[in-house]
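Welcome! Here is a short guided tour for anyone meeting this structure for the first time.

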Amino acid sequence: MDMLTIGSFAKACRLSPKALRLYDELDLLRPARVDPDTGYRYYAVAQLEQARLVAWLRRLGMPLAEIRRVCRLHDRDSTAAAREIRAYWARVEVETAVRRDLAAFLVDHLTTDSQEPGKDTAMKDTAMLELRYSARSDTGRVRPANQDTAYAGTRLLAVADGFGPAGAPASSAAVEALRFLDTEEIAAGGVLNLLEDAVRGAAQAVQDVAGGAADIGTTLTALLWTGSRLALMHVGDSRAYLLRDGELFLITHDHTIVQSMIDEGRLTAEEAVSHPQRALLLKALTGGGAAVIPDLRLHDAHPGDRYLLCSDGLSSVVPEDRVHDLLTSRTSPDETVKALVGAANTAGGPDNVSCVVADVVERAAA
C-alpha cells in the first residue's frame with residue numbers, strides 16, 4: 001500500500017496537518033497507519049479522494065457533522081451523497097436570501113439616516129403612496145365550517161388558517177392580536193422588531209384559546225404597511241404573492257414537511273402536489289406553546305404593485321398561472337378576491353379559502 005506522511009498528504013489534499021489531526025479525533029478521516037512509537041500518522045494514497053471531498057465541503061461551509069454523513073453516503077452511493085449536498089445548499093440559499101434582504105434594508109436605512117438625521121425612510125413617501133385593499137373568506141364546498149380568518153385594513157393585511165377542534169377561534173385570536181398595528185403610524189426602522197413582538201402576542205392568544213392543546217393552532221401570514229414599505233411576517237403554509245410588472249412572485253416559503261423535502265432535493269414540486277403529508281406543518285402557532293420564529297422581511301413598495309395573501313385553500317387548488325391571470329385581469333381588489341375565491345370553489349372547494357388583495361397606488365392630490 002502506497003503511504004504518504006501527514007505533511008505530504010496535507011499538501012496533496014489541501015487540508016492542513018492540524019485539520020487532519022482534528023478529523024482523526026472526530027473519526028471523520030482516520031490515518032491508514034499510526035507509528036506505535038512516534039505516534040506519527042501515515043495516509044494511504046487511496047484516501048486522497050475522501051480527503052479532497054472533505055476539503056471541498058469545508059470550503060462550502062458545511063458543518064462537520066453533515067460532512068461525516070456525506071462521506072459515509074459517498075462510500076456507498078455517490079448519487080445519494082450528491083443529493084445530500086444539493087439539499088444542504090438549498091437550505092443555505094434560503095437562509096442567505098433572508099439575510100440579504102435584511103442587509104439591504106439596513107444599508108438603505110442607515111444611509112438615509114446619515115443624510116436625514118431623525119427621519120425614517122418611510123416618512124418621505126407617506127404622502128405619496130397608499131393601499132387599496134379587500135378581503136374575503138369562504139367555507140368552500142366540503143368543509144362544514146370556516147376556520148380561516150382574513151383581515152384587511154389601512155396598514156394591516158392578514159390571513160390565518162386554523163386547524164384542530166378550535167381552529168376558527170385560534171385563527172381569529174391570532175389576527176385579532178395584530179389588529180393594534182392597524183391604528184398607528186409605523187416607522188420602517190423598527191417595524192420588524194414590532195412585528196416580532198406582535199407575533200409573540202398572537203402566539204399567546206392562540207394558547208389562551210386552545211387551553212394548552214397542541215392539536216389546536218393556526219398559520220399566520222401578514223403584511224404591515226409603513227408608508228413606503230411592506231413588512232412581511234409569515235408562519236405556516238398560508239402564502240403571500242407579489243404581482244409586479246406583470247410577473248407573479250411567491251414571497252413566502254411554506255413551513256411544511258413536503259417543502260422541506262423539496263428544499264433537500266428528495267421531492268419535486270410536481271410530486272409534492274399529491275404527497276400524503278403535504279398538509280403537515282413544520283411551523284405554526286399552536287396551543288402547545290412551542291416557541292416559533294417567524295419569517296420576517298421588508299419589501300419596498302412600487303406604484304402598481306399588487307399583493308395577494310391567501311390560505312392554502314386557494315394555493316393548493318388553483319394553479320399559479322390561473323392565479324396570475326385573475327390578478328392581472330381584474331381591476332379592483334374587491335373584484336379580484338371574489339374571482340379568486342370563486343376559482344377555488346369552481347375547482348371543488350375542498351378547503352376553506354381566504355384571500356386578501358392590496359394594490360399600492362399613488363395618493364390623489366388633495
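The report below goes through sheets, salt bridges, a pocket and one helix residue in turn. Please keep in mind that this is a predicted model.

## The sheets

A good place to begin is the sheet built from five strands. It is open, its strands follow the order 4-15-14-10-11, and they pair in an antiparallel way. At the edges stand strand 4 and strand 11 (247-250), and because each has a single partner strand, one side of each is left without a neighbour in the sheet. Going from one strand to the next, the twist averages 20°.

Inside this sheet, you can follow one pairing in detail. Strand 14 (residues 306-310) runs antiparallel to strand 15, and five bridges join the two. Look for R306 here: the residue opposite R306 is D359 in strand 15.

There is also an open sheet of three strands, with the order 1-3-2 and antiparallel pairing. Strand 1 (3-5) and strand 2 (33-34) are its edge strands, and each pairs on one side only. Strand 2 is joined to strand 3 (residues 41-44) by two bridges, with the strands running antiparallel. R33 has Y42 in strand 3 as its bridge partner.

Another pair worth finding is strand 5 and strand 6, which make a hairpin with three residues between them. Strand 5 (residues 148-152) and strand 6 run antiparallel and are joined by five bridges. Within the hairpin, A150 stands opposite V159 in strand 6.

## The salt bridges

How many salt bridges does a search of the whole structure find? The search finds 16. The table shows some of them, with the distance between the closest N and O atoms.

| Salt bridge | Closest N and O atoms |
|---|---|
| R30 with D27 | 3.1 Å |
| E130 with R363 | 3.3 Å |
| D295 with K283 | 4.0 Å |

Let us take E130 and R363 first. E130 lies in strand 4 (residues 129-138), while R363 is in the segment after strand 15 (353-362), so this pair ties together parts that are 233 residues apart in sequence. Are these two residues buried, partly exposed or exposed? E130 is partly exposed, with a relative accessible area of 23%, and R363 is also partly exposed, at 39% relative accessibility.

The pair D295 and K283 spans another stretch of the chain. D295 belongs to strand 13 (residues 295-300) and K283 to the loop between helix 10 (269-273) and strand 12 (285-286), so the parts that the pair ties together are twelve residues apart in sequence. D295 has a relative accessible area of 24% and is partly exposed. K283 is partly exposed as well, with a relative accessible area of 25%. Elsewhere, salt bridges with shared partners join D24, D27, R30 and R41 into one network.

Two members of that network also appear in the table. R30 is partly exposed, with a relative accessible area of 44%, and D27 is partly exposed too, with a relative accessible area of 41%.

## The largest pocket

Now for some open space. The largest pocket holds about 1,100 Å³. Which of its lining residues are the closest to its centre? Of the 40 residues that line this pocket, the closest to the centre are D237, D254, R278, D312 and S316.

Several elements give two or more residues to the lining: strand 6 (156-163), strand 10 (239-244), helix 9 (257-263), helix 10, helix 11 (312-315) and helix 12 (320-329). Strand 6 will be familiar from the hairpin it forms with strand 5. Sorted by class, the lining of the largest pocket has 19 nonpolar, ten polar and eleven charged residues.

## A residue in helix 4

The tour ends with V70, which has its place in helix 4 (residues 64-76). Is V70 buried or exposed? V70 is buried, because its relative accessible area is 0% and buried means under 20%. V70 and L57 are 13 residues apart along the chain, and 9.1 Å separates their C-alpha atoms.

Definitions and conventions: Residues are numbered from 1 along each chain as its sequence is written. This is a predicted model: local features need pLDDT of at least 70, side-chain atom pairs count only at pLDDT 80 or more; totals for chains, interfaces and linings use all residues. Side-chain values use heavy atoms; hydrogens and water are left out. A salt bridge is a side-chain nitrogen of Lys or Arg within 4 Å of a carboxyl oxygen of Asp or Glu. Buried means under 20% relative accessible area, exposed over 50%, partly exposed in between (1.4 Å probe, protein chains only). Helices (H or I, at least four residues) and strands (E, at least two) are DSSP runs, numbered from the N terminus. On a 1 Å grid over the protein atoms alone, a cavity is a set of points where a 1.4 Å probe fits but cannot get out, and a pocket is an open set with protein on both sides within 12 Å along at least five of seven lines; lining residues have an atom within 4 Å of a point. Grid points are joined across faces, edges and corners, and a volume is the space filled by probe spheres set on the points. Ala, Val, Leu, Ile, Met, Phe, Trp, Tyr, Cys and Pro count as nonpolar, Asp, Glu, Lys and Arg as charged, and the others, Gly among them, as polar. Two strands pair if DSSP finds at least two bridges between them. Axes are lines fitted to C-alpha atoms, for helices over the stretch in contact, and angles run from 0 to 180 degrees between N-to-C directions.
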